[in-house]
Amino acid sequence: MLASPLLAFQDVWKTYGRGEAKVHALAGVDLAIGKGEFVAIMGPSGSGKSTAMNIIGCLDTPTAGSYRFQGVDAGRLDRNRRAVLRNLYVGFVFQGYNLLARTTAAENVELPLIYRGVPARERRERAMAALADVGLAGREHHTPSELSGGQQQRVAIARAIVTRPSLLVADEPTGNLDTARSHEIMELLTGLNSELGLTVVMVTHEADIATYAQRTIRFLDGHVASDTSNLEMA
Amino acid sequence: MIWETVRLALRSVRRNVLRSFLTLLGIVIGVAAVIAMITIGSGTTEKVKTDISKLGSNLLVVRAARPDRSGSTSFTARQLDDKDVAGLAKGLDDAKAVSAAAQKTVRVVYGAENVAADVTGTDTEYFTARDWGVAEGRLFTESEVRSGTNVCVIGETVRQQFFGAGDPDGQSIRVNRMSCKVIGVLQTKGFSGFGQDQDNTVIMPLAAYQRRIAGDRDIDTIYVAARDGVATARVQENIETIMRETRRIAPDGEDNFSVRDMTQIADAMASATTTMTGMLGAVAGVSLLVGGIGIMNIMLVSVTERTREIGIRLAIGAHEKHILIQFLVEATVLSLFGGLIGIAFGLGLAAAASYSLSIPFAPSLAVVLLAVGFSALIGMVFGFFPALRGARLDPIDALRHE
């Protein structure tokens, strides 16, 4: 167990429905992820990995048990406090990119800074820098429809890191990309992890994508089925 | 932040120009109607006031009236008659003129042309009391009034209709089967406060009118012009005393006639137009309400369409209030646009109306500002529920929304 984990699950339960229809998406999960780790979460659908992801990203709260993130009991916060937490510490990358349509790359990247109240000029500068970091310098004023899938995902990554978060949550970030593009995105994420010390938690169902991570956690039926270090295996 | 939100709202309005415009239409029509109504209404009131002040503030009007204005309708007012006129003419020292008049709208025919005109039977004093004279020809004389000769003076509108550029003097026109010789054309007076053409008129001796047109001896109105420098209130009092004597009303009996000066009549007419304006304004207000519901409807559609966008915004750290404000501002901007277009429309309508009815164009800054504020308010009120719905979305569900 790590000395000072970035986030920790302690006997976390997540239950949907009631009575006979009760389903335990998570059934007593214990888990800790340290600062600077690159973790892949795998498991079949219905295994609870998405639920775990949502809790890790402070989008959802456990039904029982505690979820600590950044030293606070994030599982007990109301939705607006969790919004602040996400804005300050979490960056999201989704399978479907989730960029705002008809909005330029730069504006998309600026978005989290707007909710932080960063002044326009600084916002612009930081967005440009983040886009440069993901290799999209010169494409700042393109809208998503003018960019390829790989480029769109880079914009999404720029949006996720522009706030300099401590955690990047990636939900199947390569799910919509071909192999070559997938590996480019994974190189980018690995680079951010090693250079910026950014903690990355990534859900994937592709084994070769998971090998980019240092650690793989497998979910099955709401439990952690295995938790292995890829470094030891190598 | 707010500027950012307004920019976002403008962009969203621009993206759906046609839809935005159709949504606005309700507000546009509502605001345009309110602005037009109020502007035309206050123009009319102004016109009534200036008209009546032109008539002269020294003019008093005596009419037959029921003793109690709110009383039973079974009581018919006792008509004015010759004795009332004679009594006033003899008893009033402060009067410049006392004139008896009866009036009716009658079809007037000349050759193949015919027109419905206001036909007045009166005496020579009428022209003094109303400060009116002829532009061409002459007025009828005392002896013509006494004998009830078939002569008449006509207004400019009637002259235009019948004679065009020709000379009407000495021509015979037919007024309700009575043939009548035109002896003069009146000075033009234009439209009255209610848009009535005062030049669409034929004036003849009272006796001729009573005998050949009305068929009775009734007098509708007695005009009394107070001598210059005499307070109308005192004249009014004297008229009341003389009338009560002439009509033999017991000391405790109520007046069966009314005496009013022109300012009182002006106020009465102005308050009537104000009531009308208010009622029409209320009707227009209903269309504003309908416009507001239109805004609510389209904002609900917009929130549903943009569920995913809301999900993204929530995920990256937007508060509920950010989303709420975003959609509220959008609804407000939308409805404010409608308000501005409506104001432009309404003022244009009022300007056109004032031109064609020849009343003054009286736009009021206060009303315009009120309309702006009100349309913004409508946006906020009707945008609130959809915005709240958007703000309350669960980010996980919203992100999953297709």
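How much accessible surface does chain B have, and what share of it belongs to carbon and sulfur atoms? In this predicted model, the accessible surface of chain B comes to about 19300 Å², and 58% of that area belongs to carbon and sulfur atoms.

**Figure 1. Chain B as a whole, with its 13 helices and 10 strands.** The secondary structure of chain B comprises 13 helices and 10 strands, and its radius of gyration is 32 Å, well over the 21 Å that the globule rule gives for 402 residues, so chain B is more spread out than a compact globule. Measured out along the principal axes would be one way to picture this chain, and along those axes the C-alpha trace of chain B spans about 100 × 60 × 40 Å. Of the 402 residues in chain B, 49% are buried. Among the contacts in chain B with a separation of 6 or more, 77% are made by residues 24 or more positions apart. Chain B also carries 41 positive and 41 negative charges, and the mean positions of these two sets are 6 Å apart.

**Figure 2. S335(B) within helix α11 of chain B.** The helix shown here, α11, runs over residues 320-356 of chain B and contains S335(B). The relative accessible area of S335(B) is 0%, and because residues under 20% are counted as buried, S335(B) is described as buried. Leaving aside neighbours within four places in sequence, S335(B) is in contact with L24(B), I27(B), I295(B), S375(B), A376(B), I378(B) and G379(B). The view also takes in F374(B), which is 39 residues away from S335(B) in sequence, while the C-alpha atoms of the two residues are 9.4 Å apart in space.

**Figure 3. T15(A) in strand β1 of chain A.** Strand β1 covers residues 5-16 of chain A, and T15(A) lies in it. With a relative accessible area of 19%, T15(A) is classed as buried, because the cut-off for that class is under 20%. The side chains of T15(A) and H24(A) are joined by a polar contact of 3.3 Å. When residues up to four places away in sequence are not counted, T15(A) touches K22(A), V23(A), H24(A) and T63(A).

**Figure 4. Helix α1 of chain A and the residue C58(A) that follows.** Helix α1 consists of residues 49-56 of chain A, and 7 of its 8 residues are buried, so the helix is largely enclosed by the rest of the structure. The buried residues of α1(A) are K49(A), T51(A), A52(A), M53(A), N54(A), I55(A) and I56(A). After α1(A) comes C58(A), which has a positive phi near 65°.

**Figure 5. Two loop residues of chain A with positive phi, R102(A) and D221(A).** R102(A) is found in the loop between β6 (90-93) and α3 (105-114) of chain A, and although R102(A) is not a glycine, its phi is positive, at about 55°. The relative accessible area of R102(A) is 58%, so this residue is exposed. D221(A) sits in the loop between β9 (215-220) and β10 (223-229) of chain A, and here too a residue other than glycine has a positive phi, with a value near 50°. At 57% relative accessibility, D221(A) counts as exposed, because the cut-off for that class is over 50%.

Technical notes: Residues numbered from 1 in each chain as written. Chains lettered and ligands numbered in written order. Predicted model: local features only at pLDDT ≥ 70, side-chain atom pairs only at ≥ 80, totals over all residues. Heavy atoms only, no water. Helix = DSSP H or I, 4+ residues; strand = E, 2+ residues; numbered from the N terminus. Buried < 20%, exposed > 50% of the residue type's maximum accessible area, 1.4 Å probe, protein only. Polar contact = N/O pair within 3.5 Å; in protein donor to acceptor, adjacent residues only side chain to side chain. Contact = heavy atoms within 4.5 Å. Rg over C-alpha atoms; globule rule 2.2 N^0.38 Å. Areas by Shrake-Rupley, 256 points an atom, 1.4 Å probe, with all protein chains shown as cover. Lys, Arg positive; Asp, Glu negative; His and termini not counted. Charge placed at Lys NZ, Arg CZ, Asp CG, Glu CD.
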